[in-house]
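Please open the structure in your viewer and keep the selection tool at hand. The stops below say what to select next and what is to be found there.

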Amino acid sequence: MLIETVQAGETLWAIARRFGANVDEVMRLNGITDPERLVIGEALVVPTEARRHTVRPGESFWSISRIYGVTVEQLQAANPGVNPNLLQPGMVLNIPERPKTTIQSNGYLLPVSPQSDQANVRNVAEFLSTFSIFQYRTDVNGDLVPPNDAAALAAIRQTDAVAMMVVTNFSEGTFSAPLAHTIFTDQRARERLFSEIVRTLRDKRFYALNIDFEHVFPADRERYNNFLRELAGRVHEAGFPISTALAPKMSATQVGEWYEAHDYPVHGQIVDFVILMTYEWGWSGGPPMAVAPIPQVRAVLDYAISVIPRQKILLGAPLYGYDWTLPFVKGGKFARSLSPQAAVEQAARVGANIQFDYTAQAPFYRYYDADGKEHVVWFEDARSMQAKFNLIDAYGLRGISYWVLGNEFPQNWALLQDRFNIRKFA
């Protein structure tokens, strides 16, 4: 599998022929329904067994390594007689084999309806280790408010993936610090919650538990730690793994109510694995930028691996992008969320060329709507996901966790399967 960026004047047939690929297969892997619909700058995944690459004008060892998902060092080692500074069009390079590592892959699933839930499970079960059912909400008494997840759980049991129960402090449309505080300080509510969690894990045959308490009061940091210590003991005694979702911190001293109560070292000690929510730098109510820019993601990982065993870390990855109306006004209209597939289809509709930010490692484009208003769209594509896969290997992480399933992005699943062996717990 390789990634090819569409150039002006190229056709799908020409691209497939260049790499000896089947056109229909290229269309399937990229979700293309109209072969005439290619967008300049669009990234395509192309299935190929070829291990040799003919250099094209403007290419470098770095750009070629991105196409095949190998490192520059691996490419240099496979071509010892080639000076990277003297590449010429027409030169033929050997592409090294890339060994597959085995990872855990998780996807958060928000139950919507039996039909859509079952379809979402069927579509991606082979690519996932775990489906995280979002969300079981605790109330102030420690009772759980469950989602309507019967259809999703039934569908998951028909696959070789397993389900993970997600418990949150979500209330009235947002994560609630007062609600979390009540649970941490009210022993009766806490005991009831623990009992409800263990009962639900058993009754619904979940594989594991994920605690996603967010926007916790900074002063409740140690209370949250003690809550997890107590809960982990109960959950482990019942025979289930436990995990937590962590805000993307770059240091132990990072301030803010989304960060301070998430004690990375303590979570690393208590739970079996953590999910880093390494996304939402670009968010619907903020200024336009990549949702998960690689420099920021790296900064989080650099801190995380210094205090959490790397084999416990799942890297968070977004399955969505945002369409901002310009100029951005703080407190103004929120950006519209869209899937990677919808972002490319919209670019084709409005006649936009897709560009790529090599620092953020993310695609974007601009266009004007029917009212003459300018928009900018940041989203994910094969190149941006490959950059995240590279981080998993480079940092030796446990795997990847996607937010959120249901957004069309066929390229991601093709690349994931090509790049990794997916651990199965069923």
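Begin by selecting residues 321-325, which make up strand β15, and then add β16; the two run antiparallel and are joined by 3 bridges. Strands here are DSSP runs of E with at least two residues, helices are runs of H or I with at least four, both are numbered from the N terminus, and two strands pair if DSSP finds at least two bridges between them. To see one bridge, pick G321, whose bridge partner in β16 is L338.

Before going on, note that this is a predicted model, in which local features need pLDDT of at least 70 and side-chain atom pairs count only at pLDDT 80 or more, while totals for chains, interfaces and linings use all residues. Residues are numbered from 1 along each chain as its sequence is written, and side-chain values use heavy atoms, with hydrogens and water left out.

Now widen the selection to the open sheet of 5 strands, which follow the order β16-β15-β19-β18-β17 with antiparallel pairing. Why do β16 and β17 each have one side without a neighbour in the sheet? β16 (336-338) and β17 (355-357) stand at the edges and each has a single partner strand, so one side of each is left free of a neighbour. From one strand to the next the twist averages 25°, where axes are lines fitted to C-alpha atoms (for helices over the stretch in contact) and angles run from 0 to 180 degrees between N-to-C directions.

Next, select T278, which sits in the loop between β13 (273-276) and α11 (294-307). Is T278 buried or exposed? With a relative accessibility of 0%, T278 counts as buried; the term means under 20% relative accessible area, exposed means over 50%, and partly exposed lies in between, for a 1.4 Å probe and protein chains only. If you also show G316, you will find the side chain of T278 at 2.8 Å from the backbone oxygen of G316.

Move on to strand β2 (residues 43-46), where A43 and V45 on one side and L44 and V46 on the other are all buried, so that both faces are covered. Adding strand β1 (residues 2-5) shows an antiparallel pair with 4 bridges, and within that pair E4 has L44 of β2 as its bridge partner.

The remaining stops are empty spaces, found on a 1 Å grid over the protein atoms alone: a cavity is a set of points where a 1.4 Å probe fits but cannot get out, a pocket is an open set with protein on both sides within 12 Å along at least five of seven lines, and lining residues have an atom within 4 Å of a point. Grid points are joined across faces, edges and corners, and a volume is the space filled by probe spheres set on the points.

For the largest pocket, of about 850 Å³, select F175, E214, W258, Y279 and E280, which lie nearest its centre among 24 lining residues.

The structure also holds 2 cavities of 30 Å³ or more. The largest cavity contains about 120 Å³ of space, and of its 14 lining residues E42, P340, Q341, V344 and Q411 lie nearest the centre. Helix α12 (residues 340-350) gives the most to this lining, with 3 residues.

Finally, select M1, L2, R98, Q386, F389, L415, D418 and R419, which line the second largest cavity, a space of about 50 Å³. Here α14 gives the most to the lining, with 3 residues.

Terms used:
A polar contact is a pair of N or O atoms within 3.5 Å; within protein, one must be able to donate a hydrogen and the other to accept it, and residues adjacent in sequence count only if both atoms are side-chain atoms.
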